[in-house]
Each structure stands twice: as structure tokens, then as C-alpha cells.
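Subject: Structure for you to look at

Hello,

Here is the structure I promised to pass on, with my notes underneath. Please have it open in your viewer while you read.

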Amino acid sequence: MSTDEMLEWEEEARRLRREKADWNFINSLPERHRAALKFYIETGDLRLAQHLSGLDFEDFRELLRKAKIPVVL
């Protein structure tokens, strides 16, 4: 995969996360959780976003599901 293809794939994944996200739900969350979800949407870095949220991995995955944010691999 070329660098250009990789960048296009990352941008497409970011676009999907932004479009599918339930922004009303996200904006209703406490600041720490809201910031972690926004970080994940923009970067796709699941582990760092989970760490920033202060939640354990399973609870963070549940938060992603509630926020309707797809995990794009």
C-alpha cells in the first residue's frame, strides 16, 4: 500500500467515524469522555483514547457503541 493510499484510507475512516457518530449523545457526556471520543474520531487511536477517557477497555468500547462510533480497522 502506498503512502497516498494509506492517507486516503485514514481520511475515509475518519469521515465514517464523524458521520456515524451520535453527536447529541457525545456532547451530553462529561468533558473527559467527550474529549476521548473526539480524539478517537479524529485519530483512530483506540488505546490512547481509552486511556484518556479514564475507563477500562470494555467500558470504553461500550461508550463507543452508545455513541454509534464505528471501529474502522
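To start with a question: which exposed residues does the face of α3 turned away from its buried side carry? They are Glu31 and Arg32. Before I go on with that helix, please keep in mind that this is a predicted model.

**The overall picture**

The protein has five helices and zero strands, and along the sequence the pattern reads α-α-α-α-α. Its radius of gyration is 12 Å, close to the 11 Å that the globule rule gives for 73 residues, so the protein is as compact as a globular protein of that length. Taken along the principal axes, the box filled by the C-alpha atoms is roughly 40 × 25 × 15 Å.

Some totals that you may like to have at hand:

- Buried residues make up 29% of the 73 in the protein.
- The protein exposes about 4900 Å², with carbon and sulfur atoms supplying 53% of that area.
- Among contacts with a separation of 6 or more, 49% are between residues 24 or more positions apart.

**Helix α3**

This is the helix I spent my time on. Helix α3 covers residues 31-43, and at 1.5 Å a residue its 13 residues should span 18 Å. The span is counted over one less than the number of residues. The C-alpha atoms at the two ends are 18 Å apart, which agrees with that expectation.

The buried residues of α3 are His33, Arg34, Ala36, Leu37, Tyr40 and Ile41. They cover an arc of only 165 degrees around the axis, which puts them on the same side of α3. So what covers these buried residues? The cover includes α1 (3-20), α2 (23-27), α4 (46-53) and α5 (57-66). After α3 comes Gly44, which has a positive phi, near 80 degrees.

**A closer look at His33**

One residue of α3 that I followed further is His33, which belongs to the buried set. Which residues is His33 in contact with, leaving aside its neighbours within four places in sequence? The answer is Ser53, Leu55 and Leu63. For Ser53 there is a polar detail as well: its backbone oxygen lies 3.5 Å from a polar atom of the His33 side chain.

If you want to retrace this in your viewer, you could begin with Glu31 and Arg32 on the exposed face of α3, then turn to the buried side and pick out His33, and finish at the backbone oxygen of Ser53.

Best wishes

Terms used
Residues numbered from 1 in each chain as written. Predicted model: local features only at pLDDT ≥ 70, side-chain atom pairs only at ≥ 80, totals over all residues. Heavy atoms only, no water. Helix = DSSP H or I, 4+ residues; strand = E, 2+ residues; numbered from the N terminus. Buried < 20%, exposed > 50% of the residue type's maximum accessible area, 1.4 Å probe, protein only. Arc of directions from axis to C-beta. Contact = heavy atoms within 4.5 Å. Rg over C-alpha atoms; globule rule 2.2 N^0.38 Å. Areas by Shrake-Rupley, 256 points an atom, 1.4 Å probe, with all protein chains shown as cover. Polar contact = N/O pair within 3.5 Å; in protein donor to acceptor, adjacent residues only side chain to side chain.
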